[in-house]
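Biologist: I would like to take a close look at a single helix and to see how its two sides differ in their surroundings. Please go through it slowly, and explain each term when it first comes up.

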Amino acid sequence: MGKVISIDPITRLEGHGKIDIFLNDDGNVDRAFLQIPELRGFEKFVEGRRTEEMPQITSRICGVCPTAHHMAATKALDSLYKVVPTPAARTIRELFYNLFMFEDHLLHFYFLGGPDFIVGPDAPKKKRNILGVIDEVGIEMGKKVIEIRKRCRALMAELGGKPVHPVLGLPGGVAKQVTEEARKELADFAVDAVEFARITLKAFNDIVLENKSYLDLILSESYYLETSYMGMVDDSLKINFYDGDIRVVDQKGKEIERFKHDDYADIIAEHVEPWTYIKFPYLRKIGWKGIVDGTDSGIYRVAPLARLNASEGMATPIAQEEYERLFETIGSKPVHNTLANHWARLVETLYAAEHLVELSGREELTSPDIRNMDLSTPDEGVGIVEAPRGTLIHHYEADERGIITAANLIVATVANSAAMNIGIERAAKKYIRNGEVNDGLLNMVEMAFRAYDPCLSCATHSLPGKMPLQIRLMKDADTVIGKIIRD
């Protein structure tokens, strides 16, 4: 009789999840599932709340990436109230958001996913953490990591009120003007951020890319699956985290969709399974074909590598050089190798830093014209940003009083849920053979999902399936005059 191996809880991610691996009589893997057993339920309990509360309520979905939800909610309110933010407000928002992307990507590389490579995939469990990373890169580098993140979060607090759960975004604008003093501090930080991003990329190059066994691991079939990719692009088809069209390319890299925010529901549909609280989005034109990859699959991926695949490059010069080097090294575009997400994340870290240099120099940044109050009666709005983990969609409906009547969230981790299940099963079948299991092999399975930097707290808001219900209408204690049935 077969056996079930459970990795519970899985580690170095946000939220709680577990992996169940089902072995056959020979001790080999039949199936493996990534299950998310926690329900957050924000889609339902925001109903009845005032629209202006949404940037604050939804930012509580997660303590790691509240800024992404705050900004998506703010943009959804712009759309809902049919108001265009002032140029100063738009620049402040985008600058604030790139600070967040820079800091969050560094968090994943040094604290969560990076130890798999910097310390080693089969290193003892107690060393696969930030302390193990410091042992490898040195105390001085460890101090630099702490210092640059501390400065970044202090600037986020200056602009957004708080580094966590910001109070910046309002429909049509922002709550606070940027001072000249703050601008100078931002400009100085941006220069240092570019330098630190380059140091980090060099460390990745020296530790990972120069190590043939690590490069082989990135290129191995164990972490390879062919899907479509989604990401936000500007008018030149370059990556933008804050605003632009949403572009989708297929398994060969051909553009198959490019759409505006309000049209997302025409492009994306959502499937549910009874064994998890996470949803499974898919491309509507292809349809739900199950948790499978390949040319007939309707699933798509988001996250840093997906953004690189879905775009035609980076909007800043040094990041563009790294973008080109990544695709030249891997040898194809799109890149289907999941572990290349770690490299793509650092390319984006550099882009965010370079973009901060440009944004901190814009004339309108310190303008007092920070809000457009030309608001219309609310009805329906969609806001989309690129979260560190991929495309994040907030969709609200409200009545004329500004009370939320419906909400739908398609969180980045949700979009990757099918791909993560395929990935862990593929890795499990590769590394678990004849019943031989150890901590290092199980970590190799976890690496298949950790590369996405998943946030399970953000991702679980929909009850799976439906709740069957039967109501009998009684005339008296013995006479049924009607039934209402929901399957």
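Which exposed residues does the face of α7 turned away from its buried side carry?

Modeller: The face of α7 that is turned away from the buried side carries the exposed residues Ile139, Glu140, Lys143, Ile146 and Lys150. Here exposed means over 50% relative accessible area, buried means under 20%, and partly exposed lies in between, with a 1.4 Å probe and protein chains only. Please keep in mind that this is a predicted model, in which local features need pLDDT of at least 70 and side-chain atom pairs count only at pLDDT 80 or more, while totals for chains, interfaces and linings use all residues. Residues are numbered from 1 along each chain as its sequence is written, and side-chain values use heavy atoms, with hydrogens and water left out.

Helix α7 runs over residues 139-160 and so has 22 residues, where helices (H or I, at least four residues) and strands (E, at least two) are DSSP runs numbered from the N terminus. From its first C-alpha to its last, α7 reaches 31 Å, close to the 32 Å expected at 1.5 Å a residue; the expected span is 1.5 Å times one less than the number of residues. After α7 comes Gly161, whose phi is positive, near 90°.

Now turn to the other side of the helix. The buried residues of α7 are Met141, Gly142, Val145, Ile148, Arg149, Cys152, Leu155, Met156, Leu159 and Gly160. These buried residues lie on the same side of α7, because they cover an arc of only 165° around the axis, the arc being that of the directions from the helix axis to the C-beta atoms. An α-helix has 3.6 residues a turn, so residues three or four places apart point the same way.

What covers this buried side includes the helices α3 (66-80), α4 (87-112), α6 (130-137) and α8 (180-209). One residue shows how α7 meets its surroundings: Phe102 is in contact (heavy atoms within 4.5 Å) with Ile148 and Cys152, and also with Phe189, Ala193, Ala197, Thr349, Ala352 and Ala353, leaving aside its neighbours within four places in sequence. Phe102 is also, together with Ile21 and Leu99, among the residues with the most contacts inside the largest nonpolar core, which has 133 residues. A nonpolar core is a set of buried Ala, Val, Leu, Ile, Met, Phe, Trp, Tyr and Cys residues joined through side-chain atoms within 4.5 Å. Apart from this largest core lies another one, of 17 residues, among them Met230, Val248, Val382 and Ile393. In soluble globular proteins, nonpolar side chains tend to be buried together.

Buried places are not reserved for nonpolar residues, as Arg149 on α7 already shows, and two further cases can be set beside it. Arg307, found in helix α11 (residues 304-310), is buried with a relative accessible area of 1%. Its contacts, leaving aside neighbours within four places in sequence, include Met101, His105, Met230, Phe241, Glu348 and Glu386. Glu322 lies in helix α12 (residues 317-330) and is buried with a relative accessible area of 14%; not counting residues up to four places away in sequence, Glu322 touches Leu201, Trp343, Val347 and Leu350.

The setting of the helix is the whole chain, which holds 17 helices and 16 strands. Its radius of gyration is 23 Å, close to the 23 Å that the globule rule gives for 487 residues, so the chain is as compact as a globular protein of that length; the radius is taken over C-alpha atoms, and the rule is 2.2 Å times the number of residues to the power 0.38. Along its principal axes the C-alpha trace spans about 80 × 65 × 40 Å. Of the 487 residues, 60% count as buried. Among the contacts in the chain with a separation of 6 or more, 68% come from residues 24 or more positions apart.

Finally, the backbone has some features that you can look for in the model. A cis peptide bond joins Asp8 and Pro9, with omega about 5°, and Pro9 is found in the loop between β1 (3-7) and β2. Ala303 has a positive phi of about 100° although it is not a glycine, and at 0% relative accessibility Ala303 counts as buried. Asn434 is likewise not a glycine but has a positive phi of about 55°, and Asn434 is exposed, with a relative accessible area of 57%.
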